[in-house]
Every structure is written in structure tokens, then in C-alpha cells.
Amino acid sequence: MTEDIKNEALEQLELDVKFGFENENEIFESISDMFYDVDEFDDDWLRRAISERYKQHQKDSLTWKRPTDFDRLVITFDQLIKEKIVCLHKAGYTKQDGESDCMETVEKLNELGIEPIGYCYYHSQDLARTVDKNIRNLYLGFDSSTQNDTQAIDVANKIVAKLTQNAFDVNWSGTIDQRIEIKNLNWQKIPDNVDWGQDRVVNIMTKINNDKKPFWKFW
């Protein structure tokens, strides 16, 4: 196993640990998949490297001030979900992945008789910039569920309002051509056994929708 391969694996490992979404086994599986075609890839070395950095990240988390910026982002996203805006954390790797995951969630909700007005997401490449201490911003993609520009602006305004309400430093041009930027974000997260994907959004929105249905008692 060459030094270049090791360095590439370590670079991805550092990101995965900082992202805080995957446990040790999940990180091992995802990095191993990256190098499936590398002859004599050293699995034992990778497990040791993961364990060392993972444990240090867990130790560091004990000193974090609560709520973290991620905690506040969860609160914001959940508030938006309750307003029928699909909000996905770490939605794939690219813009295309994020939009696809959001629209798939919209379609699942439509099948349940719920009509979201739009969506919001960030993906892994966005997170890579966020955990870079020289950048520390997070871009959020957005759109309406029907890809209508006027409705998309309305959705974005709701997102910006909630972010501002929760004390985030937000920058947005007011157009569909620019994503919403959260500035000076201190990303702090550890794995928490929570599924932050589509099912969570569907569950929250379904519960809100059912709670709003009138209850008729006949006798």
C-alpha cells in the first residue's frame, strides 16, 4: 500500500470523523469501498487509524459548548419541516444527489397525501468546506416542490427567516441563482444513532399532518 493511498485514505478519514454522521464501522466500510480495487490495501492499518481519530473526536466533544451549531441547525430544519419544507442533512455527495434525494422525499410524502411546498439540503461536498477552519460556511440548496421560481423564492425566504431567528449569520442574494449561505459555522457533531435522512422527515411531517386532522366522534 503506497504512501499516496494512505494519505488519500487519511484525508477522507479526517473528513468523515469531523462530519460526525458515521460510527467507526461505517467509516471503515465507506473508505474500504473507495479503495476496493487497490491491491494489498491494509485493512488493519485503516482500522487503527480510524480508532485513534474517532476516540480523539469523542474526547474533544466532551468540551463542546451546548447547544452546538449543529444542534441549532437541527432545530431550524425541524421547524421548517413542520412548515412542509423537506430539509435533509448530508444529502448525498453533490448538488444532483441532494436534489434527487429531496424530490424522492417529496414524492413519498405525496403518496401519503402530504404536499410539501419545497425543500432544502446540504451535501457532503458542502460539509467538507464547512469543517475547513479557513472557510467555515455551509451552503444550503433549495427549491419549490414544483420547481417554480416564484415559489422557490418564497421557500428560500422562509428558510432564511428561520435561520436568522435561530441566530445564524446568513447571506443570500434573494435570487434562485445563489444558494443560501450560513457563515462562520462551527461544525461540531458526533454519531448519535439518529437517521438524519428521508425517513425522519417523512415521520415528522406525517405526524404533524395527522395531528391537524379533525377528530369526529359519532354516537
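Colleague: At 23% relative accessibility, as what does Asp101 count?
Modeller: Buried means under 20% relative accessible area, exposed over 50% and partly exposed in between (1.4 Å probe, protein chains only). This is a predicted model, in which local features need pLDDT of at least 70, side-chain atom pairs count only at pLDDT 80 or more, and totals for chains, interfaces and linings use all residues. Residues are numbered from 1 along each chain as its sequence is written, and side-chain values use heavy atoms, with hydrogens and water left out. Because its relative accessibility is 23%, Asp101 counts as partly exposed.

Colleague: How far apart in space are Asp101 and Ala91, C-alpha to C-alpha?
Modeller: Asp101 is found in helix H5, residues 95–111; helices (H or I, at least four residues) and strands (E, at least two) are DSSP runs, numbered from the N terminus. Asp101 and Ala91 are 10 residues apart in sequence, and in space the C-alpha to C-alpha distance is 6.5 Å.

Colleague: Which pattern does the protein follow, read along the sequence?
Modeller: The secondary structure comes to 8 helices and 5 strands. Read along the sequence, these follow the pattern α-α-α-α-β-α-β-α-β-α-β-β-α.

Colleague: Of the 219 residues, what percentage count as buried?
Modeller: The C-alpha atoms fill a box of roughly 70 × 45 × 35 Å, taken along the principal axes. Of the 219 residues of the protein, the share that counts as buried is 42%.

Colleague: How many residues apart in sequence are the parts tied together by Phe70 and Trp196?
Modeller: A search of the whole structure finds 9 aromatic pairs, where rings of Phe, Tyr and Trp (its six-membered ring) pair if their centres lie within 6.5 Å, planes under 30 degrees apart counting as stacked, over 60 as edge-to-face and the rest as tilted. Phe70 and Trp196 form one that is edge-to-face, at 5.3 Å centre to centre and 85° between the planes. Phe70 lies in helix H4 (residues 69–81) and Trp196 in the loop between strand E5 (180–183) and helix H8 (198–212), so the sequence separation of the parts that the pair ties together is 126 residues.

Colleague: As what does Trp196 count at 12% relative accessibility?
Modeller: Its partner Phe70 counts as buried at 3% relative accessibility. Because Trp196 has a relative accessibility of 12%, Trp196 also counts as buried.

Colleague: Why is the pair of Phe142 and Trp172 edge-to-face?
Modeller: The ring centres of Phe142 and Trp172 are 5.8 Å apart. The pair is edge-to-face because its planes lie at 90°.

Colleague: How many residues apart in sequence are the parts tied together by Phe142 and Trp172?
Modeller: Phe142 counts as buried at 11% relative accessibility, and Trp172 counts as buried at 17%. Phe142 lies in strand E3 (residues 138–144) and Trp172 in the loop between strand E4 (169–171) and E5, so the pair ties together parts whose sequence separation is 30 residues.

Colleague: Which residues form one aromatic cluster?
Modeller: Phe70 and Trp196, the edge-to-face pair, are both part of this cluster. The full set is Phe21, Phe70, Phe77, Tyr122, Trp187 and Trp196.

Colleague: How many residues apart in sequence are the parts tied together by Glu14 and Arg53?
Modeller: The count comes to 8 salt bridges, each being a side-chain nitrogen of Lys or Arg within 4 Å of a carboxyl oxygen of Asp or Glu. Glu14 forms one with Arg53, the closest N and O atoms being 3.0 Å apart. Glu14 lies in helix H1 and Arg53 in helix H3 (residues 43–61), so the parts tied together have a sequence separation of 39 residues.

Colleague: At 23% relative accessibility, as what does Arg53 count?
Modeller: Glu14 counts as partly exposed at 34% relative accessibility. At 23% relative accessibility, Arg53 likewise counts as partly exposed.

Colleague: How many residues apart in sequence are the parts tied together by Glu83 and Lys162?
Modeller: Glu83 is partly exposed, with a relative accessible area of 32%, whereas Lys162 counts as buried at 16% relative accessibility. The two form a salt bridge with the closest N and O atoms 3.5 Å apart. Glu83 lies in the loop between H4 and strand E1 (85–88) and Lys162 in helix H7 (residues 149–165), so the parts have a sequence separation of 79 residues.

Colleague: How far apart are the closest N and O atoms of Asp71 and Arg66?
Modeller: Asp71 is partly exposed, with a relative accessible area of 27%, and Arg66 is partly exposed at 48%. Asp71 forms a salt bridge with Arg66 in which the closest N and O atoms are separated by 3.9 Å.

Colleague: Which residues are linked in a network of salt bridges?
Modeller: This network has one Asp and two Arg residues. Its members are Asp126, Arg129 and Arg179.
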